[in-house]
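Student: I have a model open and want to practise reading strands and helices. Where do we begin?

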Amino acid sequence: MTPTHRALSCWLLFSLAVLARAAGPHGTDVGWTVDHTTGHINFTSTMANQLSQGEVGWVRVEMALVKGHTNWDATMLGYYDIVVNNAHNAGLQVLMLIDGGSWPGSQSDWCANNSENNPGFNGDNAYVENYATNAVVPLVQHFHDRVKLFELWNEPNCWTVNPSSGVYTGATFVYPSNFGWLLTRSWEAVHQTYHLNDVTLFSGGLFGLSAFGTSYSSAGGQYLDDTYNTGTNLVKGGSFAHTKSAYNAYPLDGIGQHVYITQGGVVSSNTFRQYEDWVHQALTKYEGTSSPKKTFITEFGWQTTNNINSNGVSTVVQDTNLVTAFNAIRATPYVQTVIWFSWQDNTAGALWYGVLDAAGNAKLSYPDFQHAERYEGMLANSSSTNAGIQAYYSRLGQSILGSPYDNGRGVWVTNFLNGYAQDYYGGSHVRLTLLSSTNGTFELNDLYGFWGYFTTNNGATNFGPPIDNAFVSGGGIRQDFTLGYLSWDSVNQVVWHVVNNLPPAPSSVAAVPGNAQIALQWNAVPTATSYKVYTAINTNGAYALNTTVVGPPNYTDAPLGNGTTYYYEISAVNSYGEGPVSAPVNATPQSVTGNLPSPWLDGDIGSVNLSGGAGYTASGGKFSVYNSGADIAGSADAFHFVYQPFNGDGTIIARIKSQSTTNALAKAGVMIRESLATNAVYVATVLTPSNGVRMDFRAAAGGVSTDLAGPAALAPYWLKLTRSGSNFTAAVSGDGISYVQVQSTNLAMGTNVFIGLAGCSHNTNVLSTAVFDNVSVTPQVAPAWLTANPGNAQVSLVWPATLGAAAYDVKRSTVSGGPYAVVAGGVSATNYQDNTAVNGTTFYYVVAATNNAGEGPASVEAGALPVAPPQITAAPLPQTVNQGDNVQFGATASSLVPMTCQWQLNGAAIAGAQATNYAIANVQPGNIGNYAAVFSNYAGSTTSAPALLMVRPWLVFDRNGVLSWSGAYTLQRATNVSGPYENLTGIVSPYTNSLTAWPQQFFRLQY
């Protein structure tokens, strides 16, 4: 897109900053980050954090001189320092576009001396020299410590006017011979003159479109081909020949590409991949198929239609195309980074490509955009994450670890037998792999070949999981594993040192109490052939062998006595013998534990001496939470958590029915927590035995918790915690009806969180018990679907039952997308008939589940147009015809929606008679009857008044006095033509009249 058409619009989707974190290798364009006229910083820290919340990993920044500035002085660089710092502080990486706005000049300056239209010239000119020297060099010099990708020019093949053959003007077009020198001057100055080799300079995005056909040329492949062709031709250009001769390299580190295809419909994966391949083929044509150079797609997208824009696709098609494109990109090995154009619709610039609309509301494509952008910690082919890798990355950040990336083993988190791995590139480590193993999450630095050596030699089995990060050792580097260590030095390179072939102690041993049983589970030890489980009944007692486990690492010990605490240690066994035992764990079986209703789960958070548990009693709806732990405070927590996954805004309410007094600061309450890590961001409203109500929260992972005092109270007491965006509010009540706010705080927390009941004994040697009842969580999911069936002045709605719902609110609007007004609240069924709907108006409905904690998110919208049944405007007319004639009936009706017609004879449908006209050829007496038209639409049917068809029969009288006819008629006779006529009963055709007895007679037929 032409840069001058970009502008940064307002942001309304999120009101406050979120926790900064980088997401992945892909990004978005946000328009002007610095206003080109005033120098105002459009890309604020708030905006950067909004992108981070959208899982964006990169932001494309156009480096344009502000009005009044003619070079990149300290003031100009300072503007963009703020932009880059805001991006980095939010965990975003920056891709810089150095284009025509980065150095003053016109198209005639760019295209001067082009060889395409000026025989004898080679395309080199003063502008490209100044562009390289006065724009590219100072920008790379100033930002190369923070920015690694630089795009040189924007859409060099984009033109608007073609006045004659070979002549192109308008937009950002520059002839291939000029472009070759622009790349050469820039590449040589940066990499050779100033030796700045830690950056990638790639050719500006080649404009690809399909509006005028799908081809190598329309993808931009031919233009790149022409650039190489003229560049390697000493007569036509010679720019590429210059660097090839001097440095044995072509003057570009990668290829930029823009993909704007199938802009009015559904794109196919094959077509998108074909456009990628065509441009890549132009590169490999000259540099070979083994070229490591990547493609950078710095613009692609589809705009959506709205009430002021008719060009584009629906939001549904935009979402479909986004998913298709990202799937194609993910399957293309040579594509490194892609930039969606753009983040948000821009009314002033008439750009509607955003995944947010102009008001900041998410379009249908937004969740899929998040999923495609998201990267660090994300498991391959899954929407879930590896919490260890994600937390480790978030804690250290991009400047240390770089970007999650492909070092040859795939870009997603992949498993390596007993753990998970993700590659990174950049940062202070250059390249490394994070391993999430049984011993925690560690860096495995591949700069020395450790990761390559590890994977080549089946490291998870032969070496065991890592137990620390690489560190300096002697004259080299060392990495420890459970079975030995890897070392590197400049002489011996990578060497494996076996220390111990016995299996390590099992890690992450957990004991989950149940009713008269305890379920044990632990992480598998790769070399183990079996495990030994030891049991004791007190902390000082001797452990005795309980059982030997062969197979999966779990065991259920039963039957046991409820209320007795049991202690366990576990060891692994292999062919070398038995390894050391694990750290001891314990649990106390209880008759009420281990039966939590779905979707509730529970577990200990942090290091607790005594394992907790939880159970549910349906009678009274009671949750019993058995808990240990030092505290929910400081920089790390230790407590028991009964939780369920939760998304977005909501409320949890619970009454503390009773609470053990194990310590004056023992805590029981409701909590919203970003993760299950011990140092996670959280907010909680808790009750203590002697210190009243508290509101506790941790604003940053690993940070110190804040404790705010509430009213003095004792159980039983009601606690309430509400989230709205980044605002969290704690409230309390003595009766569950009237609530008083305790405190409110604003902090950054992810959208996907855990919500539930927390208990902490504040004494690691004692289990405390907290009983909760009247527990409710705002329904966190919308009804999965909604159907709306219109009728006559009514609409019937049906939806599926939603977990956690006590009732449903039905909402209606006359505008798609709302705003919606409640038309029926507290509906207990999963269906509703709206009898207040007005015929002729389209109504749009959504349904939200509710309970005493509030209302959940709305379902997808369903629209319906109630109408009246068809209205007869012309009924068929009765007819009397002669036998053997043709006859036609007609009828018309009006309806707001499509309708059907069905003809009836004497109330029975006539097969095949669905037109508004019904014709009968060669009418016979059997056709006599009442004909009516039935018009139907989805609101009902209307039947016309019947039209009687009568048939005058043929009566044949031959010379012998024989009368014959057809049909169910009665023969009548008279002595004169005017009658009277008498019925001849029992007479059927043919009938012979006696001419002797009745010399003069008149006959007729009566129906």
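Student: Which residue in S65 does Arg 973 stand opposite?

Tutor: The model is predicted, so keep that in mind. To read a strand pair, look across from one strand to its partner. Here Arg 973 stands opposite Glu 982 in S65. Strand S64 (residues 970-974) and S65 (residues 982-983) are antiparallel, with two bridges.

Student: With which other strand does S64 pair over five bridges?

Tutor: With strand S67 (residues 1002-1006), again in the antiparallel sense. Thr 970 has Gln 1006 of S67 as its bridge partner.

Student: Is S64 mostly covered or mostly open?

Tutor: Covered. Buried means under 20% relative accessible area. In S64, four of the five residues are buried.

Student: Now a whole sheet. What is the strand order in the open sheet of seven strands?

Tutor: Read from edge to edge. The order is S28-S33-S42-S35-S36-S37-S38, and the pairing is antiparallel. S28 (601-605) and S38 (706-709) each have a single partner strand, so one side of each lacks a neighbour in the sheet. From one strand to the next, the twist averages 25 degrees.

Student: How many bridges join S37 to S38?

Tutor: Four, between antiparallel strands; S37 covers residues 693-698. Phe 697 stands opposite Thr 706 in S38.

Student: On to helices. At what angle do the axes of H6 and H7 cross?

Tutor: For a helix pair, read distance, angle, then contacts. The axes of H6 (residues 221-232) and H7 (residues 239-247) cross at roughly 65 degrees and come within 5 Å. Thr 227, Tyr 228, Gly 231 and Thr 232 of H6 meet Ser 239, Phe 240 and Ala 241 of H7. By class, that contact has three nonpolar, four polar and no charged residues.

How values were computed. Residues numbered from 1 in each chain as written. Predicted model: local features only at pLDDT ≥ 70, side-chain atom pairs only at ≥ 80, totals over all residues. Heavy atoms only, no water. Pairing = 2+ DSSP bridges. Axes fitted to C-alpha atoms, helices over the stretch in contact; angles between N-to-C directions. Contact = heavy atoms within 4.5 Å. Nonpolar A, V, L, I, M, F, W, Y, C, P; charged D, E, K, R; others polar. Buried < 20%, exposed > 50% of the residue type's maximum accessible area, 1.4 Å probe, protein only.
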